[in-house]
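The following explanation leads the reader through one structure, beginning with a single residue and widening to the whole chain.

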Amino acid sequence: MKIEIMLKCSVCDGYGYIADRHPNDPSARDIDCQECDGEGQKASVEIYDSIADAKADYPDAISFTERDK
Ligand SMILES: [Zn+2]
């Protein structure tokens with residue numbers, strides 16, 4: 001079955017935005033994370049026999065959605 005796995009974005013750590021330079025720099029600004037388009041999460045569709053198998057590979061995922069059989 002196809003399973004859509006929702007993962008927390010690893011670039012912005014789920015916040016949806018990142019500093020455009022080192023956060024300690026006083027002129028740093030928050031900009032939308034380009035990796036996840038500001039969503040803070042990314043969906044990945046993969047083939048697994050069951051949702052339990054997907055959970056075994058992605059223990060930190062936010063959600064699992066069955067797409068078709
Ligand atoms: Zn992101």
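In this predicted model, a convenient place to begin is I51, which touches I3, F64 and E66 when residues up to four places away in sequence are left aside. I51 belongs to helix α1, which covers residues 51-57. Is this residue buried, exposed or partly exposed? Because 14 C-beta neighbours lie inside 10 Å, I51 counts as partly exposed. I51 is also separated from E4 by 47 residues in sequence, while the C-alpha atoms of the two are 9.6 Å apart in space.

E4 leads on to the strands, for E4 stands opposite T65 in β5. Strand β1, residues 2-8, pairs with β5 in the antiparallel sense, over five bridges. In general, the strands of a sheet pair through backbone hydrogen bonds, in either a parallel or an antiparallel way. Here three strands make up an open sheet with the order β4-β1-β5, and their pairing is antiparallel. The edges are held by β4 (41-47) and β5 (63-68); each has a single partner strand, so one side of each is left without a neighbour in the sheet. From one strand to the next, the twist averages 25°.

The protein as a whole contains one helix and five strands, and from the N terminus on its elements follow the order β-β-β-β-α-β. Of its 69 residues, 10% count as buried. Among contacts between residues at least 6 apart in sequence, 62% join residues at least 24 apart. Along the principal axes, the C-alpha atoms fill a box of roughly 50 × 20 × 10 Å. The radius of gyration is 15 Å, whereas a compact globule of 69 residues would have one near 11 Å.

Key. Residues numbered from 1 in each chain as written. Predicted model: local features only at pLDDT ≥ 70, side-chain atom pairs only at ≥ 80, totals over all residues. Helix = DSSP H or I, 4+ residues; strand = E, 2+ residues; numbered from the N terminus. Buried ≥ 20, exposed ≤ 12 C-beta atoms within 10 Å, placed from the backbone. Contact = placed C-beta atoms within 7 Å. Pairing = 2+ DSSP bridges. Axes fitted to C-alpha atoms, helices over the stretch in contact; angles between N-to-C directions. Rg over C-alpha atoms; globule rule 2.2 N^0.38 Å.
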